[in-house]
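Welcome! Take a moment to look over the sequence and turn the 3D view around before reading on.

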Amino acid sequence: MVAADFGLRMSGLPALDLWNVLLPHKPPSFFHEDNQALIHVINTSRNPTMRYRHRTHRVSVSWLHEVFKRADVKLMYEESAKMAADIYMKDFTDKAKWEQVCGLINVLDPKLLSDKTYVRLYL
């Protein structure tokens, strides 16, 4: 929740204002989140178990709820397997999963780049 608030305040909304000035079609901002509990809290604007968030982190659930009610900001659920940040937060013991998360941050074997038939799907 703290990261969502920080990302929206510092990058998301200022970038959206810039895009609305520069681009004629005024594209929406898509916010991908893999935490279903956070999505529920944002959609309902209620989080009684973490009432202290505003005092300790200056994060307002009501503000997040209001931002995501806007037509130009979309909150979307994303599978955790497709989140690039997982490589920095999780432990991987399976080689295939490790290669998949490396691909999410574009860390690939250079030999694969010269192979024209190489296609990696992240499903």
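Is D86 buried or exposed? D86 is buried, because its relative accessible area is 7% and the word applies to anything under 20%. Keep in mind as you explore that this is a predicted model. The points below start with D86 and then move to the core, the aromatic rings and the surface.

**Around D86**
- You can find D86 in helix α5, which covers residues 86–89.
- Setting aside its neighbours within four places in sequence, D86 is in contact with D34, S80, A81 and F92.
- One of these contacts, F92, is partly exposed, with a relative accessible area of 24%.

**The nonpolar core**
- The largest nonpolar core is made up of 15 residues.
- Within this core, the residues with the most contacts are M1, L8, L64, F68 and V73.
- Three elements each give two or more residues to the core: α1, α2 (36–44) and α4 (61–69).
- Try clicking on L8: apart from its neighbours within four places in sequence, L8 is in contact with L13, P14, F31, W63, L64, V67 and F68.

**Two aromatic pairs**
- A pair of aromatic rings is described by how far apart the centres are and by the angle of the planes.
- The structure holds two such pairs.
- In one pair, the rings of F31 and F68 have centres 5.4 Å apart and planes at 65 degrees; planes over 60 degrees apart count as edge-to-face, so this pair is edge-to-face.
- This pair links distant parts of the chain, as F31 sits in strand β1 (residues 29–33) and F68 in helix α4, 37 residues apart.
- Both F31 and F68 are buried, and both appear among the contacts of L8.
- In the other pair, the rings of F92 and W98 have centres 6.0 Å apart and planes at 55 degrees, so the pair is tilted.
- W98 counts as partly exposed because its relative accessibility is 40%, and F92 is partly exposed too, at 24%.

**A nonpolar patch on the surface**
- Which residues form a nonpolar patch on the surface? They are L18, W19, V21, L22 and L23, and together they have about 500 Å² of accessible area.
- L22, one of the patch residues, lies in helix α1, which spans residues 2–22.
- L22 is exposed, because its relative accessible area is 58% and the cut-off for that word is over 50%.
- Helix α1 therefore holds the exposed L22 and also gives two or more residues to the largest nonpolar core.

Key: Residues are numbered from 1 along each chain as its sequence is written. This is a predicted model: local features need pLDDT of at least 70, side-chain atom pairs count only at pLDDT 80 or more; totals for chains, interfaces and linings use all residues. Side-chain values use heavy atoms; hydrogens and water are left out. Patches are made of residues with over 30% relative accessible area and no salt bridge: like charges are joined within 9 Å, nonpolar side chains (Val, Leu, Ile, Met, Phe, Trp, Tyr) within 5 Å. Accessible areas come from the Shrake-Rupley method with a 1.4 Å probe; for residues, only the protein chains shown count as cover. A salt bridge is a side-chain nitrogen of Lys or Arg within 4 Å of a carboxyl oxygen of Asp or Glu. Helices (H or I, at least four residues) and strands (E, at least two) are DSSP runs, numbered from the N terminus. Buried means under 20% relative accessible area, exposed over 50%, partly exposed in between (1.4 Å probe, protein chains only). A nonpolar core is a set of buried Ala, Val, Leu, Ile, Met, Phe, Trp, Tyr and Cys residues joined through side-chain atoms within 4.5 Å. Contact means heavy atoms within 4.5 Å. Rings of Phe, Tyr and Trp (its six-membered ring) pair if their centres lie within 6.5 Å; planes under 30 degrees apart count as stacked, over 60 as edge-to-face and the rest as tilted.
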